[in-house]
Amino acid sequence: MGTQSIIDTKQWRSLKQHQQEIAQIPLRALFEQDPHRQEKFSAQAAGIYLDYSKNPITDATLTLLEDLATSADLKQRTNALFNGEAVNLSENRPALHTALRCRKKAPLYVNNVNITAEIHGALQQMRDFVESIQSGQWQGYNGKAIRHIVNIGIGGSYLGPMAVAEALRPYWTNDVQCHFIANIDGSEFTEIVKNLQPDNTLFIIASKSFGTQETLKNAEAAKAWYLQNGGAEDQVHKHFVAVSSNQSKAQQFGISEANIFPMWDWVGGRYSLWSPIGLPLALTIGMDNFDRLLDGAHEMDTHFIEAPIKQNLPALMALLQVWQINFFGAQSQAIIPYDHCLRGLPAHLQQLEMESNGKRVSQTGAPIQHDTGAIIWGGAGSNGQHAYHQLFHQGTHTVPVDFIVPLQSHNPINDHHDILFANCLSQSRVMMHGKTLPEAEAELRASGHTEQQIKQLAPQKVIPGNRPNNILLTEKMTPQVIGALVALYEHKVFCQSVIWNINPFDQWGVELGKQIGDDIGDALANPQASTKQFDSSTQGLIKKYRNAKK
């Protein structure tokens, strides 16, 4: 596509014209016109079945969206991603999270280093460590086996591993419990450790630089807690390990070189759970199940590379969201898993999508003239039905939804899963089908309301429908399926970045926040420091904090 903006292409103009036509046809009418619509607009891969029939699309829409992807060189950009080219242009480095889960051992070189060998070496290091913990061979300072793992990290070193650990709780071993600390707020640290004992607790410090402020401060608090509660300084190496690329800083902290697991510059934090960042996950589900997680992700990778766009799950989901954001004006996207164990997934996908595609300039530095990225939010179904689904059905905002649901529960109780599954389908149908004014009037009339009451109440009971949603169906939430599901969303985000010609692998807004946070932190720590460099609001609030601290 070169330097041309996507909105200046004939493909974009064709989609704008097509949108004006299809926007006039309600979704329920599209279903009435074609009894085979669901079969036509569905696809499956890697244990995931995608029903996207409840979107405002026809065969013509799909063809136009496919043309848009082709015009943006999606196939070529995808090959560049997998081949290790410098797709992260602003930092001149590849983004090879896919290599972390590649089950083939063919060499792949980055800066003349065979990263395949390094990856498999790290996986073996993880396996040896996990087996030593789970067998009880690894012991704390007084000879007790490790029973609690506390992962200290933030951002991608926290959200992905925590979400997947929760998703795979049915696969946890009985021997090890996993906890996560991310927030610099001391309340989180205090609540986690108050029920732990240092002699059977292991801390994982997950920080690529071993310098992330929140992570390092919590690591220091963990070390102090360990020493104040009976731990010995010369035994720190039995209770602290690190995942970092900064070996010297980790060793200065007291972590032995053998207990430092690698991280690489060619893996972004929010794409890193497949690496040793996933160590807390491997410790809870076992390394065999961690391998199955990688298998599922690799299966989705293969599908993404090989499947044509109209059968390609990541490409389809990306294009449908582009269709909603750029042509129908949707501002947000809800992720609603009808599976309690998946309740942490929306938070991980928030970071994955909003940190990746929350950009306002293109790869060339030119301002973007269209929306990029969506506000990602959501939570566990069916809880949301009694909270925010009302806005889905009758609000003034159109919120596309991804409903995620398994056919089988890990914990079947009576008819609970029947009801859960029925709720998921009902919410999807109501969003699409709605209730017309004549239907509302007939319903009220049948229940004995007067005509005056009907006139007043019927408009309030109208549900517009025509709200787009997808259903992602799985047989059961296994490690393979969870791996495929997370990889699906990773590739969806990448596809959108290609369409919008933005870099999904940097985060300069985050970096500026860290920099200014350090400056303000210095001013808070030193009451004599000048605050003249800050605006009046920041100055006033610093003054209030200093006074409160006195």
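## Contacts and overall build

Of the contacts in the protein chain with a separation of 6 or more, 74% are between residues 24 or more positions apart. Keep in mind that what you're looking at is a predicted model. The protein chain holds 22 helices and 13 strands.

How does the radius of gyration stack up against a compact globule? For 550 residues the globule value would be near 24 Å, and the protein chain comes in at 26 Å, so the two agree. Along the principal axes, the C-alpha trace covers about 80 × 55 × 55 Å.

## Inside and outside

Buried residues account for 52% of the 550 in the protein chain. As for the surface, about 24300 Å² is exposed, and 50% of that area comes from carbon and sulfur atoms.

## An open parallel sheet

Now for a sheet you can trace in the viewer: 5 strands, ordered 6-5-7-8-9, make an open sheet with parallel pairing. Strand 6 (177-181) and strand 9 (260-261) sit at the edges with a single partner strand each, which means one side of each has no neighbour in the sheet.

Further in, strand 7 (residues 201-206) and strand 8 (residues 240-243) run parallel and are joined by 4 bridges. If you want a specific pair to click on, try I204, whose bridge partner in strand 8 is V241.

There's a helix to look at here too. Helix 9 (residues 186-193) lies across strand 5 (148-152) and strand 6. Its direction makes an angle of about 165 degrees with strand 6.

## Backbone oddities

Some background for the backbone check: most peptide bonds are trans, and most residues other than glycine have a negative phi. Here are some spots that go the other way.

The peptide bond between G381 and S382 is cis, with omega at about 10 degrees. You'll find S382 in the loop between strand 11 (375-378) and helix 16 (389-394).

Then there are a couple of asparagines. N112 isn't a glycine, yet its phi is positive, at about 65 degrees. Where does N112 lie? It's in the loop between strand 3 (109-110) and strand 4 (113-114). With a relative accessible area of 76%, N112 is over the 50% cut-off, so it counts as exposed.

N466 also has a positive phi, near 60 degrees, and it's a residue other than glycine too. This one belongs to the loop between helix 19 (451-461) and strand 13 (469-474). Is N466 exposed or partly exposed? Its relative accessible area is 34%, so N466 lands in the partly exposed class, which runs between 20% and 50%.

## Cysteines without partners

How many disulfides does a search of the whole structure find? The count is 0. For C178, the nearest cysteine sulfur belongs to C341 and is 14 Å away. A disulfide needs the sulfur atoms within 2.5 Å, so C178 is in no disulfide. C178 is also buried, because its relative accessibility is 8% and the cut-off is under 20%.

C424 is likewise in no disulfide. The nearest cysteine sulfur is again that of C341, here 16 Å away. With a relative accessible area of 0%, C424 is buried as well.

Conventions. Residues are numbered from 1 along each chain as its sequence is written. This is a predicted model: local features need pLDDT of at least 70, side-chain atom pairs count only at pLDDT 80 or more; totals for chains, interfaces and linings use all residues. Side-chain values use heavy atoms; hydrogens and water are left out. Two strands pair if DSSP finds at least two bridges between them. Helices (H or I, at least four residues) and strands (E, at least two) are DSSP runs, numbered from the N terminus. Contact means heavy atoms within 4.5 Å. Axes are lines fitted to C-alpha atoms, for helices over the stretch in contact, and angles run from 0 to 180 degrees between N-to-C directions. The radius of gyration is taken over C-alpha atoms; the globule rule is 2.2 Å times the number of residues to the power 0.38. Buried means under 20% relative accessible area, exposed over 50%, partly exposed in between (1.4 Å probe, protein chains only). Accessible areas come from the Shrake-Rupley method with a 1.4 Å probe; for residues, only the protein chains shown count as cover.
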